[in-house]
Amino acid sequence: SWGWNARATLGQGHRNVERKPRRVALPGVFVQQVALGGWHCLAVDSNGQTWSWGGNEYQQCGLQGPPSTSRDVLTPTPCLAGLRIKQVAAGGMHSLALTESGEIWMWGEPWGDFSMTIDRRPRRIDTTGDFVRIVCGAFHNLALNDKGECFTWGINDFGQLGSGTTNYATVPEKVVDLEGVFISDIAAGGWHSVAIAGDGSVYVWGRGEYGRLGLGDKSGSSR
């Protein structure tokens, strides 16, 4: 890791800027996948253990015990004890994890949830257990199940949930207009979303400024 490090996002035990790549403090750990959020990071090792570090004021590192409320976590620390994870995703101030059995867990800032008491602890958010991929935007999420169906939830100011409205969602809901389309992969930008169909077609929706949707629309309209 290298670059800006005021929040210990590099996971090297300090907050100094690093202008050249230096190894993250995970000695002896075989890392299979990593995710970079707004200013926190996640990693999954070969045993399905999740590690987190960096900014943690929204508990986006998902820690348990005394370090759980630390503003910054300087070195990679195990989280999600007892769960075997195969993929992690990191948003602006929240995190997702996909278990080996296809369950989705979320922690950190629960975007779209306006409850009087906000629960930022890791919790399972679905009941189907058939998901195969997860991705995070800045404040929204996408998930893909084994049937090729795309689900979204979170903040929706620019239509990035693909629901046909700008209403927020706190649980995964199917994207509209993709009925009967087998989706093979998904991705998310800060405020927009992308899905690739099994036939290679690309679908986009959300915030349209700066040509980020690739539609040739110079108006910058959201879709």
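A pocket is an open set of grid points with protein on both sides within 12 Å along at least five of seven lines. The views below come from a predicted model, and pockets return in the last two of them.

**View 1. Four strands line up as an open sheet in the order E1-E2-E3-E4.** The pairing is antiparallel. Neighbouring strands here are turned by 15 degrees against each other on average, direction ignored. Look to the edges for strand E1 (31-36) and strand E4 (72-79): each has a single partner strand, so one side of each is left without a neighbour in the sheet.

**View 2. Strand E1 meets strand E2 (residues 40-45).** Five bridges hold this antiparallel pair together. To find your way, start at Val31, whose bridge partner in E2 is Asp45.

**View 3. A hairpin is formed by E2 and E3.** Between the two strands lie four residues, and Gly48 in the turn has a positive phi of about 80 degrees. The strands run antiparallel, with five bridges joining E2 to E3. A handy landmark is Val44, which stands opposite Thr50 in E3.

**View 4. Is strand E3 mostly covered or uncovered?** Strand E3 (residues 50-55) is mostly covered, with six of its six residues buried, buried here meaning under 20% relative accessible area. Five bridges also join E3 to E4, and these two run antiparallel. In this pairing you will find Trp51 of E3 opposite Pro78 in E4.

**View 5. The largest pocket has a volume of about 370 Å³.** Its lining counts 19 residues, and the closest to the pocket centre are Ser1, Thr9, Val24, Cys41 and Trp53. Two strands from the earlier views reappear here: E1 and E2 each supply at least two residues of the lining. The largest share, four residues, comes from E1. Sorted by class, the lining of the largest pocket has 14 nonpolar, four polar and one charged residues.

**View 6. The second largest pocket holds about 190 Å³ of space.** Which residues should you centre on for this close-up? Gly162, Val176, Asp177, Val204 and Trp205 lie nearest the centre of the second largest pocket, out of 13 residues that line it. By class, this lining divides into six nonpolar, five polar and two charged residues.

How values were computed. Residues numbered from 1 in each chain as written. Predicted model: local features only at pLDDT ≥ 70, side-chain atom pairs only at ≥ 80, totals over all residues. Heavy atoms only, no water. Pairing = 2+ DSSP bridges. Axes fitted to C-alpha atoms, helices over the stretch in contact; angles between N-to-C directions. Buried < 20%, exposed > 50% of the residue type's maximum accessible area, 1.4 Å probe, protein only. 1 Å grid on protein atoms, 1.4 Å probe; cavity = no way out; pocket = protein on both sides within 12 Å on 5 of 7 lines; lining within 4 Å. Points joined across faces, edges and corners; volume = space filled by probe spheres on them. Nonpolar A, V, L, I, M, F, W, Y, C, P; charged D, E, K, R; others polar.
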